[in-house]
Amino acid sequence: MTKKDSQNPDIFGQALLDFHTDNYTEDITVISSLTEDDEIPVPYLFRDFDAMPLVEQEALKLAKGKTLDIGSCAGSHSLYLQNKGIDVTALDVSQGAISVCQKRGISKTIESNILSYTEKNYNTLLLMMNGSGIFETLKNTQYYLKHLHSLLKKGGQILIDSSDIAFMYEEEDGSYWRDASREYYGEVTFKIQYKNQTSEAFDWLYIDFKTLKSEAEKAGFSCKKIIDGPHYDYLAQLIKL
C-alpha cells in the first residue's frame, strides 16, 4: 500500500526509513471507508520468508527469470529473490521505500509509478500484499492489466494476490449490504497516518478471483488460481498469451 503522489507525503517511506535507522516508535494507521481503523506494524514490512503468508511464499517459489517486484515496499520479496540468484528489480513510487531497498542491499531499484515504467521483456511481474490494490477501481483494471501485459515476454507471468471481501458485507441474518456509491464491492477508500501526517484519500481494489479471471482474459492472459490463503485471500497466476 505504498501509495504516494505529489499531493501526499511519503508516509510509508518515512516509516520504513525510521525503522531501518532504529527510530521506530509507532506503527502506520490505516483509515478505511469500510471498517474500523487498523494498524500496519512497521516491523512486519521487513519480514523474512518464514514470516510471510502462504500466498507470498508460493509466489516467491514460482518467480523466475527477469522479475519486477511492483510495489516493493521495504524490499523483503526482492531481497529473498535476489538471494536466490534471480534477476529482480524493486519498483516503488515511494522514495523512502526505494532508499530502504538500496540500504538493504537490493542491487536493482526503480522509483516510479508502474504506469510510467516501460522497460519490457520481463518473465515475472510480482504484485504482493493485495497486489490488485494498485488498480484502484474495477473500471481501471483493464488499463493496468494491458500495461502490465506490455512489459512481459510472451509466456511471461503475473503473480498477484488479492482477497474476496464479500464477507465484510454480510449481515447477522445472512443477507448482504452493498455500498451504493461503489460500482463493485471490492472498491475501498483508504487514508494512511503516521507521526501526525495523514495522506489524502486514495482508492484501493480487492478483487474476487472470478472477476480477476474475467478481466485477465479480456486483457490477453490466461488465469488460474494457485492457492487459497486462510483469510479469503488467494494467489493467482496470469500468463501472457
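Student: What makes Glu217 and Lys213 a salt bridge?

Tutor: In this predicted model, the closest N and O atoms of Glu217 and Lys213 are 2.6 Å apart. The cut-off for a salt bridge is within 4 Å, so the pair counts as one.

Student: Why are Glu217 and Lys213 said to be separated by about one helical turn?

Tutor: Both belong to helix α6 (residues 209-218), where they are four residues apart. An α-helix has 3.6 residues a turn, so residues three or four places apart point the same way.

Student: Why is Glu215 called buried and Lys218 exposed?

Tutor: Glu215 has a relative accessible area of 10%, and buried means under 20%, so Glu215 is buried. Lys218 has 52%, and exposed means over 50%, so Lys218 is exposed. Glu215 and Lys218 also form a salt bridge, with the closest N and O atoms 3.1 Å apart.

Student: How do you know that the salt bridge between Asp87 and Lys108 links distant parts of the chain?

Tutor: The closest N and O atoms of Asp87 and Lys108 are 2.7 Å apart. Yet the two are 21 residues apart along the chain, with Asp87 in the loop between α3 and β4 and Lys108 in strand β5 (residues 108-111).

Student: Why is Asp87 called partly exposed?

Tutor: The relative accessibility of Asp87 is 35%. Partly exposed lies between under 20% and over 50%, so Asp87 fits that class. Lys108, at 40%, also counts as partly exposed.

Student: How many salt bridges does a search of the whole structure find?

Tutor: Eight.

Notes. Residues are numbered from 1 along each chain as its sequence is written. This is a predicted model: local features need pLDDT of at least 70, side-chain atom pairs count only at pLDDT 80 or more; totals for chains, interfaces and linings use all residues. Side-chain values use heavy atoms; hydrogens and water are left out. A salt bridge is a side-chain nitrogen of Lys or Arg within 4 Å of a carboxyl oxygen of Asp or Glu. Buried means under 20% relative accessible area, exposed over 50%, partly exposed in between (1.4 Å probe, protein chains only).
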